[in-house]
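Okay, thanks everyone, let's get going. I'll put the model up and then talk you through it.

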Amino acid sequence: MNYIGEHLLPGQIGHFLVVLSFVAALVATIAYARSVHATSLPDAASWKRLGRIAFVIDAVALFSVFGVIFYIVANHYFEYHYAWNHSDRSLESKYLLSSIWEGQEGSFLLWALWHAVLGVIVIKTSRKWEAPVMSVMSLAQVCVTTMFLGVYIFGLKIGNSPFLLTREVFPDNPVFSNANYLQLPAMQDGIGLNQLLQNYWMTIHPPITFLGYASTLVPFAFAIGGLWTKDFGGWTKPALPWALFSIAIFGLGIMMGAKWAYESLSFGGYWAWDPVENASLVPWLIMVAGLHTQLVYNSTGHSLRATYFFYLMGFVLVLYSTYLTRSGDLQDTSVHAFVSSGLNWQLRAFVLAFFIPAMVLFFKRYRKIPHIASEENTYSREFWMFIGSLVLFLAAIAIIIPTSYPLINKIIGTNFVIGDDVEFAYNRIQVFVAVVLGILTAVTQYFRYKDTPRALFGKRVLLPTVIAVLISVAIGIWGNVNYDKYGIGFLAAIHLALFAGIYAIVANAGYIWTGLNGKLKAAGGSVAHVGFGMMLVGILLSSAKKEILSINLNNPLNFGPESEIKGYENLTLYQGIRTDMGKYWVTYVSDSVVKGGKMTYFRIDMEEKQSGRQFTLYPDIIKATKGQEGYSNNPDAKHYWNKDIFIYVNAASSISEQKDTSGYKKYPVKIGDTLFYSAGYITFDSVTANPRNEKYQFKPTDTAIQANLTVTAKGVKTFQAKPVFYVANNQTRQVPDTVHSEGLELSLLRVVDNQRLEIGVKESTRLTPYIALKVLQFPFIYLVWIGTVIMIVGLIMSMVRRARLGKS
Amino acid sequence: MILLSFMGDLSTYETFATARQKPGKSVTVIAKLDKSSPIEYNPAVNPNLTTFHAVDSLGNRTQVVYYFEKPFDMEKSDRIVLKGKMKGDVFEITDKQGILIKCPSKYKDDPKAAHNYLSEN
């Protein structure tokens, strides 16, 4: 069949470019590998040149693929499934990019693009390490590219092409028996981008996270290069800026996801120990462990084997987390894991293709990797750094094993699942990790490598210790941190962890002056540690002191011993009625519908009882995109220097599906007539033809009349109501008006004759709109975000310094 | 030590029938929403009570009580994972995250929903 109006050329070009990039990456892998094994220098150089050319072709091809997809999406070529499934015409242009990485194919492409960028930088900077490192990176590039290759080999599908046509995805759909199917309404617009992803964080969080994923490949490739060329220790210095970069960007990506979850989801926090979150945290922890053992090796010659292990596992765990989140195996435990895309075998093969060779090579060479047999001195910096890395490693294991339960169950036929309090299951272990890491972070810099004079260490560490203890005790006494939901033991652990976090801040800030004499250039590590300490303190305070402000005291069930478990978090608010909410008065003032009916804003007025301070918040509820009815809610927040007040609407009568079906009482009336309802009377004052005001805008072709009514309630209060009757496109319609406080809905139903109009009066108790509101307070949440920024600044400072040192 | 501590939080996948044998024990049940009876959530009466019926993989039907707001999109779910305790004939969920809803459209990688959308329009 010859279909009408399809644009097939971009897809053909795009598919060709994908195949080209795949072949180029394959050539680069082989050429660089030949260069490593070449016996003569000119040979090695010419293979290397070929590898470079191939890799650059790969990079250019991938960017062009991205350009083609963007072209298709931006031009709304809905004959392409990718555009149809992930975008629509109403999408703001800043979200066109988000719609590219909403799909699995686009997100793999993004990953490959970052590999390409990083690869080009490695080519420019890594000199003698270029060939082995680039060979490994090109191989990874081959694997990532297969995920969106979209070719069949012996009937086996390899990857999902982003250039499939909609009719190729649904070959047996009757819609496509029509040659002119593009003119059908279903094809005139796309399904659109998931509402939750239409958020500015979604334009920036995925690229940063994928850069973080991609960057873990570089230290991995250096480590493999070391094992491969048997130059076991030579790579650790040139790889150091890369490790710092990776940890900074990967950490930033994870925390941006946390910020997104905090701002736009209604999980009630920034971290829920969801498997998708865990899966990216674990490789980050391993990379941090690797960074510290690498620093130990560079200074003392210890811990090289551990460094290898951590960097090899870092990238493998990134692959593993990709598998976990995309294979559909986590469906029953995660809120936002992908459902399976039918490429599980390929994802598994990808993990194993890197895990098995890396481990085989590591253990084969294990004995040859230089190590120092002597025990480390307990008064040395390297000893405590190694302990810290070990703790990070154990913490990572404690997270990845429960996260992997669904997979473990699948493999060995068990039936494990975390109990109903998932967060506490993790928190009760990680709080002790926080204690140990905080204290290690605080004191370790005060040790010197190899050995530290006892007296010097004691003298230097004394002051920060005293300050940290004093602050912690002060918080203990006046800080009101009394989170006793899980008993006194856990509360004590929280206080201990708070001390550890404060200790890390004070000791590292102090070290910049006492240890480094204020030389900020060299202080990247200390700065990063201060940031880490602030994050710890912020996490602990904001979680332990998180408060539900909307505690429902009206519900009679909320008394007695069971009140803790019977729900109490939502408060019902009736429109216009100022309601008591603990320390606040809260009023649901109004709602307004915007974006063509897609979004409803609720105006909520808050007043702090004590200070009388008032503020207004606008949480909203949005309708999901096409093909998936339903709603989701977006919170709004008031930010103070020391806390955030967070508010969201969990239900609203104005958008509930139940329609009030009680009918109208009909009255034919003339101007000046009065009619009665249960609590008062209504007078028909006048008629306005074709009204024009903020509520009504009619086209010149429409005919409209508005009845102006005055409602007098109980003989005292009066209200105005202006229902409208109009004719548009030869159809008659009514716009009723409501007087909420009276439970009245008034409608102008029809024109009876040239004297009389028919007014409909509906009385109902359910007319007063209500919402279920939840209000949370997170104190000191800003410490989490500022701490993150400081930590990343510190890491970047170190990276710049190490990169400079490496050059000279 | 760490692993042992985690074992303390371990629970297992059960059906409503086996959960009934272990009253008061926290279990996880993979179930389907019983769409023949309505999800009851009336914020005007109690904004913190959602009740509905669920059918587990063996076809047993049980009333479920959830002490929180009704999750958005619950009606459209095809599978729900419930974490809670059996109390008499009622499955009680006291943790906000004790309910996990799987919508066919989540992340839109489900071609069935898109296929239906195509042919309906």
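I'll go from the overall layout to the cores, then one helix, one serine, a run of strands, and finally confidence.

So, up front: what you see is a predicted model. Start with chain A, which has 808 residues, 49% of them counted as buried. Its C-alpha atoms fill a box of roughly 105 × 80 × 50 Å along the principal axes. In terms of secondary structure, chain A has 21 helices and 24 strands.

The domain split goes like this: domain 1 is 1-198, domain 2 is 216-418, domain 3 is 434-546 + 782-794, and domain 4 is 665-770. Notice that domain 3 comes in two pieces of sequence, with domain 4 numbered between them. If you take the centres over C-alpha atoms, domain 2 and domain 4 of chain A sit 67 Å apart.

What about contact order? Among contacts in chain A between residues at least 6 apart in sequence, 70% join residues at least 24 apart. For chain B, the corresponding share is 48%.

While I'm on chain B: there are 121 residues there, and 39% are buried. Chain B has 3 helices and 7 strands, and reading from the N terminus the order is α-β-α-β-β-β-β-β-β-α. So much for the inventory.

Now the packing. How many residues are in the largest nonpolar core? That one has 227 residues, and those with the most contacts inside it are A:Ile247, A:Leu285, A:Ile286, A:Tyr503, A:Leu536 and A:Ile771. Helix α11 of chain A, residues 236-264, gives this core its largest share, 18 residues. There's also another core that lies apart from it, with 21 residues, including B:Ala19, B:Ala31, B:Phe52 and B:Phe91.

Let me pick out A:Ile286. Ignoring neighbours within four places in sequence, A:Ile286 is in contact with A:Phe310, A:Met313, A:Gly314, A:Leu317, A:Phe393 and A:Ala396.

Next, helix α12 of chain A, residues 275-300. Is α12(A) enclosed or in the open? Well, 23 of its 26 residues are buried, so α12(A) is largely enclosed by the rest of the structure. We can check the geometry too: at 1.5 Å a residue, those 26 residues should span 38 Å, and the end C-alpha atoms are indeed 38 Å apart. Right after α12(A) comes A:Gly301, with a positive phi near 85°.

Okay, the serine. A:Ser126 lies in the loop between α5 (104-125) and α6 (130-146) of chain A. Why does A:Ser126 count as buried? Because A:Ser126 has 22 other C-beta atoms within 10 Å, and the cut-off is 20 or more. Setting aside residues up to four places away in sequence, A:Ser126 touches A:Val133 and A:Pro238. For a sense of scale, take A:Asp737, 611 residues along the chain from A:Ser126: the two C-alpha atoms are 72 Å apart.

Over to the strands. Strand β14, residues 665-669 of chain A, runs antiparallel to strand β23, residues 757-763, and 5 bridges join them. One of the residue pairs there is A:Pro668 with A:Glu758. On top of that, β23(A) pairs with strand β22, residues 744-751, again in the antiparallel sense, over 7 bridges. Here A:Leu746 has A:Val761 as its bridge partner, and a hairpin of 5 residues joins β22(A) to β23(A).

Then there's strand β20 of chain A, residues 731-735. Of its 5 residues, the number buried is 0, so β20(A) lies largely in the open. What does β20(A) pair with? Its partner is strand β19, residues 724-728, antiparallel over 5 bridges, with A:Val727 bridging to A:Thr732.

That brings me to confidence. Chain A averages a pLDDT of 87, and 93% of the residues score at least 70. Among the elements of chain A, β20(A) has the lowest mean, at 77, while helix α10, residues 217-229, has the highest, at 97. Over residues 556-561 of chain A the pLDDT is below 50, and that stretch has 6 contacts in the model beyond near neighbours in sequence. Residues 657-661 of chain A also stay under 50, with 2 contacts beyond four places in sequence.

That's my tour, so over to you for questions.

Methods:
Residues numbered from 1 in each chain as written. Chains lettered and ligands numbered in written order. Predicted model: local features only at pLDDT ≥ 70, side-chain atom pairs only at ≥ 80, totals over all residues. Domains from an automatic or database assignment. Buried ≥ 20, exposed ≤ 12 C-beta atoms within 10 Å, placed from the backbone. Helix = DSSP H or I, 4+ residues; strand = E, 2+ residues; numbered from the N terminus. Pairing = 2+ DSSP bridges. Contact = placed C-beta atoms within 7 Å. Core = buried A, V, L, I, M, F, W, Y, C linked by C-beta atoms within 7 Å. Expected span 1.5 Å × (residues − 1). pLDDT = per-residue confidence, 0-100.
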